[in-house]
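Student: I've just opened this one and don't know my way around yet. Could you walk me through it, one question at a time?

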Amino acid sequence: MAVDHIITKRFNIVDAHTLDGYLASGGYRGLRRALEMVPSDVHEEVKTASLLGRGGAGFPAGVKWGFCPPGVWPRYLVVNGDESEPGTYKDRLLMERDPHQLIEGCLIASYALGLSQCFLYVRGEMAEAQERVAAALNEAYEAGYIGKNICGTDFSVDIVLHWGAGAYIVGEETALLESLEGRRGMPRLKPPAFPASFGLYGKPTIVNNVETLSNLPWIIEHGGAAFAELGGEQSTGTRMFAVSGHVKRPGVYEVEFGVTTFREIIYADEYAGGIAGGRELKCFIPGGASAPWFYEEHLDLPLDKATVDQAGSMLGSGAIVVMDETTDAVAACHNLVRFFARESCGKCTPCREGTAWMEQILSRVLHRQARPDDLDLLLDICDNISPGFAWPPKMTTICPLGPSAVSPVISALGRFKDEFETYIAQSQARPRIPVASG
Amino acid sequence: MSRFIDENLRLAREIIARYPKPRSAMIPLLHLAQEQNGYVPQDAMEEVAELVGVSSAEVLGTLSFYEMFKQIQPGRYQVNICHGISCFLCGAGELLSHAEEKLGIKSGGTTPDGMFSLEAVECIAACTEAPALQVNYRYSHRSTSEGFDELVDALAAGDRTDIPEHGILATVRQRIPSERAAGASSPDVSEVPVWLGEG
């Protein structure tokens, strides 16, 4: 069942991050092939590949590209390298180990769509990725792969490396554009601000994830049809999944998309090798902190977008977090909610106020200082952020950060309510601290 | 006193020229100011404001949104311990307690000698390498208490020359040779890219 790796195929080549190492292993062949094609045919190949975006939302890249309004220029490309969803670890690896592959992907996209400038936004905290990407860009400029008259053709585009400065919300594509315009990273209201029509400086802008773009060189070299043959019917190609938490061999694995099951990737010896210490599985998060939790009964589902969506969660950014039977569900829930409370940008009231309240309540419960009606209050707040706890959520906020904070609460309370009740019972048994005495 | 030295001022202007609008250079320029000073002092904010053509209040407004920008001098080494979900499951809490004990400060504090600042931070994208930490944004994977002590001792002894002092984010910087540059693409100039031809 081992499939040839596409985007991680150079991870074992020591000098793959250098231009020499990249060229020696077939680098820039996709770009050269693209330059021999008519730009619109390059776009067609990506549509044929059915490449789903790898950043979280999973929208088909070729379709997203088609949303640029005709006749409106210039168009920009913004690369989303702000990877920060808890559990997610793949884009940093792609930038550190194979930066030229990403650059080649940016060039192919720019050529296909007539994008006249590219901004490669890399999360600020990733110093080594910044260095590797900068060095690769410098080499590629010198060698004529980026800039004016690329490879001697009339195709010209600059790629500008842009350092982020620490904010999870900037991974949301419109917040990313705000940040790139030198502002606080607060999401824009959509509509009208769908980036493909109204993006950077109000111009058509394609925002693609690092992993998405890293697939393009292979797709153009081998053809979209060859890519679509790999993986499931709708989830094509391969995909990187980070399996972390209580497993024997935590790691990042590139597997055929839509085919491999959770049971295989969590338990098989060639992947994460099962739960550490011979313990039992309690639950797992299938797609990053924002995703509702899965349990034993979901293990045989394939890592397929449609299947996981239908089962009430999401593959998100390819982050599988495994929790064993010793995990305190209340503490895990508090940890996840605290993240969203801390990262809320403050623009929308339900999220700004709600996530902070949720964190406070969960903190009270965890410290056995809970009030008897705290769980009702917690659910009431959740309902105000994500009415009816629907999946996918009904939005009361501009972006999905607020509803994401609701996922762990509904999951943990739905399955492990007894653990919360134990904390609350212990809270009531504890003597209250007097506000004044004596 | 904290205005850009000549070399950085030249670099700042080069960075601004890469963008279609100067304001887009604000975050890169704040990183440059932090690199020069270890933090972003008030007069550096004023200079960045002048360079990108906004008020210094707008610079403060942007800067204060982002975790990495410091308005007071942190320690020479900013130690960030991840307490995201994967690291939490793999012992980040114990690692943080140990770090607080070893450094004699609480999370959020700086040692009296100005060598170390300690902070518990959200996910740093090293989830399969938990528990993870960073010193000045350089990773340490699968950290243990013993490994932490060794790291701190080596930093204190000046033996970790691979980790630059706080503020220096990346030791390799992008350079766009002027003869190779395609140039910034202004949003105000509506031109069909030449390689698309007439279509």
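Student: Where in chain B does Tyr137(B) sit?
Tutor: This is a predicted model, in which local features need pLDDT of at least 70 and side-chain atom pairs count only at pLDDT 80 or more, while totals for chains, interfaces and linings use all residues. Side-chain values use heavy atoms, with hydrogens and water left out, residues are numbered from 1 along each chain as its sequence is written, and chains are lettered from A and ligands numbered from 1 in the order in which they are written. Helices (H or I, at least four residues) and strands (E, at least two) are DSSP runs, numbered from the N terminus. On that numbering, Tyr137(B) belongs to the loop between β3 and β4 of chain B.

Student: What is phi of Tyr137(B) near?
Tutor: Tyr137(B) is a residue other than glycine, and its phi is positive. The value is near 70 degrees.

Student: Is Tyr137(B) buried or exposed?
Tutor: Buried means under 20% relative accessible area, exposed over 50%, and partly exposed in between (1.4 Å probe, protein chains only). Tyr137(B) has 7% relative accessibility, so it counts as buried.

Student: In chain A, where is Arg368(A), and what is its phi near?
Tutor: Look in the loop between α15 (349-366) and α16 (374-385) of chain A. Arg368(A) is partly exposed there, because its relative accessible area is 31%. Its phi is positive although the residue is not glycine, with a value near 55 degrees.

Student: Which residue does a cis peptide bond join to Lys190(A)?
Tutor: Omega of this bond is about -10 degrees. The partner lies in the loop between α8 (173-180) and β4 (205-209) of chain A. That residue is Pro191(A).

Student: And in chain B, which residue follows Ala130(B) through a cis peptide bond?
Tutor: Here omega is near -10 degrees. Look in the loop between β2 and β3 (133-135) of chain B. You'll find Pro131(B).

Student: How many helices and strands does chain B have?
Tutor: Try reading chain B along its sequence: the pattern is α-α-α-α-β-α-α-β-β-β-α. The C-alpha trace spans about 65 × 45 × 30 Å along its principal axes. Of the 199 residues of chain B, 57% count as buried. The tally is 7 helices and 4 strands.

Student: Which residues does Gly109(B) contact, leaving aside neighbours within four places in sequence?
Tutor: Gly109(B) is in the loop between α6 (92-103) and β2 (116-121) of chain B. It is buried, because its relative accessible area is 19%. Contact means heavy atoms within 4.5 Å. On that basis, the partners are Phe116(B), Ser117(B) and Leu118(B).

Student: What is the radius of gyration of chain A?
Tutor: The radius of gyration is taken over C-alpha atoms, and the globule rule is 2.2 Å times the number of residues to the power 0.38. With 438 residues, a compact globule would come out near 22 Å, so the chain agrees with the rule at 23 Å.

Student: How many helices and strands are in chain A?
Tutor: The C-alpha atoms of chain A fill a box of roughly 85 × 45 × 35 Å along the principal axes, and 64% of its 438 residues count as buried. Its count is 17 helices and 8 strands.

Student: How far does helix α7 of chain A reach, first C-alpha to last?
Tutor: The expected span of a helix is 1.5 Å times one less than its number of residues. Helix α7 (residues 127-142) has 16 residues, giving an expected 22 Å, and its reach is close to that, at 23 Å.

Student: Which strand of chain B helps cover the buried residues of α7(A)?
Tutor: Those buried residues include Ala127(A), Val133(A), Leu137(A) and Tyr141(A). From chain A, the cover includes α5 (91-97), α6 (99-113), β2 (115-122) and β3 (158-163). From chain B, it includes β4 (138-140).

Student: Which residue, 80 apart from Arg97(A) in sequence, is 5.5 Å from it in space?
Tutor: Arg97(A) is found in helix α5 of chain A, and it is partly exposed because its relative accessible area is 35%. Not counting residues up to four places away, Arg97(A) touches Phe11(A), Ala16(A), His17(A) and Arg132(A). The one at 5.5 Å, C-alpha to C-alpha, is His17(A).
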